[in-house]
Amino acid sequence: MALKNAILTALLDGEASGYDLAKFFDFGMANYWAATPQQLYRELDKLAGEGLIEARVVEQERRPNKKIFRLTDAGVSALAAFTARDAKPTAIRDELMLKVQSVDIGDASAVCAALAARREGAYAKIVRYEKLQKHYLAGRSEAEYLKVTPRVGPYLTLLRGLAFERDNVEWAERCMAVLAQRAEDS
C-alpha cells in the first residue's frame, strides 16, 4: 500500500520511466523512502492494472523500448484520498541502536567505529541534500521560493531529511563523547 502511494507521489512531477523513478527514489526520496528497482517495476505493473497510472511505449533506436508512466485522474484521486487518511506511526528498526543499547557488555571501540561511520554517512547525505536545496532555491530566499513554487511538498520533505541527518550527526557525536569519557574514567 505505501509503495503505491510513494510511486504516485513521485509521478506528481510528470511522466517518468521505471529507470527515472528508480533514480528519483535513490536521490529525491532517499531521505524518507526506499525501494529497489525490482519493487518499483512490480508495483508499476499493479498500478497500471488498477488504472491509477498509464504507460506508453517509447521506441528507441539503439536501446530497448521503454515504458513511460504517468498518473491518471484515478491515480490523482487515490493520492488525494491517501493524504486525507491518518498516517501510520513510524517504526524504527536500527541495528546501530541495538549496538549502542548493548555497548555495556560489548566492544565499545567497534560501536564507536559504527557511530563514526553513521556520522560520516549523515555528513555525505547533508551535502547532497544541501545541493538539492540550492537547486530548489536557485539563488532565491526560502520565502521567495515558497511563494512561487507550484509544489511545496518536495521542499518540505527535503527539510525533514536535512534535520534528520543533522540529528544523526549530533547524536553520533554525543554517543562517542560519552563512550570516550567512560573509557577514560575506567
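This section describes two helix pairs and two pockets in a predicted model.

Helix packing was examined for two pairs. In the pair formed by helix 1 (residues 2-10) and helix 4 (residues 73-84), the axes come within 10 Å and cross at roughly 120°. Since angles over 145 degrees count as roughly antiparallel and those from 65 to 115 as roughly perpendicular, helix 1 and helix 4 are therefore oblique to each other. The crossing of these two helices is left-handed. On the side of helix 1, the contact is made by Asn5, Leu8 and Thr9, and on the side of helix 4 by Gly75, Ala78, Leu79 and Phe82. In terms of residue class, four of the contact residues are nonpolar and three are polar, and charged residues are absent from the contact of helix 1 with helix 4.

The second pair consists of helix 6 (108-137) and helix 8 (153-185). The axes of helix 6 and helix 8 lie 8 Å apart, and the packing angle is about 155°. With the threshold for a roughly antiparallel arrangement set at over 145 degrees, helix 6 and helix 8 are therefore assigned to that class. The crossing of helix 6 with helix 8 is left-handed. The contact between helix 6 and helix 8 comprises 22 nonpolar, three polar and seven charged residues.

Pocket analysis was applied to the same model. The largest pocket holds about 1900 Å³ of space. Its lining is made up of 50 residues, of which Met29, Asn31, Tyr32, Trp33 and Thr90 are the closest to the centre of the pocket. Two or more lining residues are given by each of helix 1, helix 2 (18-27), helix 4, helix 6 and helix 8. Helix 8 supplies the largest share of this lining, with 11 residues. By class, the lining of the largest pocket divides into 26 nonpolar, 12 polar and 12 charged residues.

The second largest pocket contains about 180 Å³ of space. Its lining consists of Ser17, Gly18, Tyr19, Asp20, Tyr41, Gln60, Arg63, Pro64, Lys66, Lys67 and Phe69. Helix 2 and strand 3 (66-71) are the elements that give two or more residues to the lining of this pocket. Four of the lining residues of the second largest pocket are nonpolar, three are polar and four are charged.

The helices of both packed pairs recur in the pocket analysis: helix 1, helix 4, helix 6 and helix 8 are among the elements that give two or more residues to the lining of the largest pocket.

Methods. Residues are numbered from 1 along each chain as its sequence is written. This is a predicted model: local features need pLDDT of at least 70, side-chain atom pairs count only at pLDDT 80 or more; totals for chains, interfaces and linings use all residues. Side-chain values use heavy atoms; hydrogens and water are left out. Axes are lines fitted to C-alpha atoms, for helices over the stretch in contact, and angles run from 0 to 180 degrees between N-to-C directions. Helices (H or I, at least four residues) and strands (E, at least two) are DSSP runs, numbered from the N terminus. Angles under 35 degrees count as roughly parallel, over 145 as roughly antiparallel, 65 to 115 as roughly perpendicular and the rest as oblique. A crossing is left-handed if the near helix is turned anticlockwise from the far one by less than a right angle, and right-handed if clockwise. Contact means heavy atoms within 4.5 Å. Ala, Val, Leu, Ile, Met, Phe, Trp, Tyr, Cys and Pro count as nonpolar, Asp, Glu, Lys and Arg as charged, and the others, Gly among them, as polar. On a 1 Å grid over the protein atoms alone, a cavity is a set of points where a 1.4 Å probe fits but cannot get out, and a pocket is an open set with protein on both sides within 12 Å along at least five of seven lines; lining residues have an atom within 4 Å of a point. Grid points are joined across faces, edges and corners, and a volume is the space filled by probe spheres set on the points.
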